[in-house]
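Colleague: I would like to learn how to read one helix in its setting. Can you take me through a case?

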Amino acid sequence: MNRYDTPLNDDEFVEIGELLARIPEPYEPMEPDAMDGYLTALLLMPEEVGPDNWMPYVFDAEGRPEARLPDEDEQFHLEELVYRRYRQLDYDLSRSKPLDPIIYPIEDKGGRPVRGYDSIPAITPFAIGFLEAFDRWPGLKEHPDELVASALVGIFRHLPEELLGDMAEI
């Protein structure tokens, strides 16, 4: 097994978030939960999008190549963590295993986790990340499989109304 095939552990999930948060302004990196949706959509594309094309958007909403951590070793480590997560999602999808996306719990005003139906908004960042890849690269919009279309509706129903656009009527 090569190092990119090692699933992330809990500490590494936290580390991805910390490293992404340290990318300096004016760049706007993804949050890990949105990144998971983004990577999932990429893996569902009918034609593969290479990491050189998709990874810059993880580090900056505009995909600017200069969006990097100041320390090259930390940047390399962040890229490795992101790619390992991509590979882990690919492994699960290719074996029809259920995904375990990065989801942060919704908290009430007192900082306590909200449980049950009210916690569904925790899936919203995943859906936003998914929409980012869906809009950026062709393929999923035109997918002829009704199961794929049904799955897309299941994801997009978690989007904020202002992001739905043409999909609102669906």
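Modeller: Start with length. This is a predicted model. Helix 2 covers residues 32-44. At 1.5 Å a residue, its 13 residues should span 18 Å. The end C-alpha atoms are 19 Å apart, which agrees.

Colleague: Is helix 2 largely enclosed or not, and why?

Modeller: Count its buried residues, meaning those under 20% relative accessible area. Twelve of the 13 residues of helix 2 are buried, so the rest of the structure largely encloses it. Among them are P32, D33, G37, Y38 and L42.

Colleague: What covers the buried residues of helix 2?

Modeller: The cover includes helix 1 (10-21), helix 3 (51-59), helix 4 (72-94) and helix 5 (124-136).

Colleague: Which residues does L42 contact, leaving aside neighbours within four places in sequence?

Modeller: Those partners are V49, W54, Y86, A133 and W137. L42 also belongs to the largest nonpolar core, which has 42 residues. Y38, L42, W54, V58, F59 and W137 touch the most other members. Helices 1, 2, 3, 4, 5 and 6 (146-156) each give two or more residues to this core.

Colleague: How many helices and strands are in the chain?

Modeller: Seven helices and zero strands. Now look at sequence separation. Take contacts between residues at least 6 apart: 71% of these join residues at least 24 apart.

Colleague: What about burial and surface for the chain?

Modeller: Of its 170 residues, 38% count as buried. The accessible surface is about 10,400 Å², with 50% belonging to carbon and sulfur atoms.

Conventions:
Residues numbered from 1 in each chain as written. Predicted model: local features only at pLDDT ≥ 70, side-chain atom pairs only at ≥ 80, totals over all residues. Heavy atoms only, no water. Helix = DSSP H or I, 4+ residues; strand = E, 2+ residues; numbered from the N terminus. Expected span 1.5 Å × (residues − 1). Buried < 20%, exposed > 50% of the residue type's maximum accessible area, 1.4 Å probe, protein only. Contact = heavy atoms within 4.5 Å. Areas by Shrake-Rupley, 256 points an atom, 1.4 Å probe, with all protein chains shown as cover. Core = buried A, V, L, I, M, F, W, Y, C linked by side-chain atoms within 4.5 Å.
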